[in-house]
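Work through the exercises below with the structure open. Try each task before you read its solution.

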Amino acid sequence: MLANNSLDNSQTGGSYAAMSSEPEMKKASTKRKRERSRPVWAEGLKRMYDSVVDEEIPDDFVVLLKKLDQASEQK
Amino acid sequence: MSKSSPDPVADFDFCKELVKVIPHLRAFARGLCGRPDFADDLVQEAMLKAWAAQDNFQPGTSMKSWTFVILRNAYLSEARRNRFRGDYDPDAAERLLSRPAEQEDGLHLGDLKSAMMCLSSERREALLLVGAGGFSYEEAAAIAQCAVGTMKSRVARARRNLEGMMGPEPVEKFIHRPHAVTHGEMLDDLAKVANR
């Protein structure tokens, strides 16, 4: 794998400098594309889910856990 | 704490681990059935089942995944009994499509909730697990008991459905967007949101 990479580099060494700006251009255009199709719903979905995760656990859950704990003591 | 228990340490750990996943179980359940009261009933049912089956839990594996499977099964058997039938709203998608974008960020959480409930339960589940719950495709597939590729396509389809319903120009999106959204792109989007 390493050997292959260095072989590739030496073979493309001549054009490497000319090509080096391409990844950045690509990155910028991808970013723009992402922003345009920004998935608002994905963010909203995460927000919706997290808002439930962040809620305090209701009392009846605590009661249930206590019951389960007592049940295991009696086992 | 439990003098008579043969293995108090294991019991205590199980309880602690179970407590830790409750918030996630509640979020998953609410996303699945769309109703807080039903969701909490489901979670309590799942907790009881998990407790009863705790000997089957292998320490070192994910309590979250394990309990999600139990919760999912509880949801499916309730769904089979049509308990959630009232939640499905066939007109919601149409209302969403005909409504102009009103907010700057173009998102009403109420609309998103309706849109989620318009998805098939398989796609909704896929989006909840991967998009919100932070599971990998592999983990989500294990929970939903399907192939990884199936999970990927469910997420991609759910994504397209939602974009069709939620996007600023839904019709244009349907026409011009490439038919197949790459999974990499999906994951990137989700990772961006998840890592915020």
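**Exercise 1.** Which residues of α8(B) are buried?

Solution. The model is predicted. A residue counts as buried if 20 or more other C-beta atoms lie within 10 Å of its own. Apply that cut-off along the helix. Met151(B), Arg154(B), Val155(B) and Ala158(B) pass. So do Arg159(B), Leu162(B), Glu163(B), Met165(B) and Met166(B). Now look at where they point. These residues cover an arc of only 165° around the axis, so they sit on the same side of α8(B). The general rule helps here. An α-helix has 3.6 residues a turn, so residues three or four places apart point the same way.

**Exercise 2.** Check the span of helix α8 of chain B at 1.5 Å a residue.

Solution. Start with the extent: residues 148-166, which is 19 residues. The expected span is 1.5 Å times one less than the number of residues. That gives 27 Å. Then take the end C-alpha atoms, which are 26 Å apart. The two values agree.

**Exercise 3.** Describe the secondary structure and burial of each chain.

Solution. Take chain B: it has 10 helices and zero strands. From the N terminus on, its elements run α-α-α-α-α-α-α-α-α-α. Chain B has 196 residues, of which 34% count as buried. Turn to chain A: four helices, zero strands. The order from the N terminus is α-α-α-α. Of the 75 residues in chain A, 12% count as buried.

**Exercise 4.** Among contacts in chain B between residues at least 6 apart in sequence, what percentage joins residues at least 24 apart?

Solution. Keep the chain B contacts at least 6 apart in sequence. Of these, 63% join residues at least 24 apart.

Key. Residues numbered from 1 in each chain as written. Chains lettered and ligands numbered in written order. Predicted model: local features only at pLDDT ≥ 70, side-chain atom pairs only at ≥ 80, totals over all residues. Helix = DSSP H or I, 4+ residues; strand = E, 2+ residues; numbered from the N terminus. Arc of directions from axis to C-beta. Contact = placed C-beta atoms within 7 Å.
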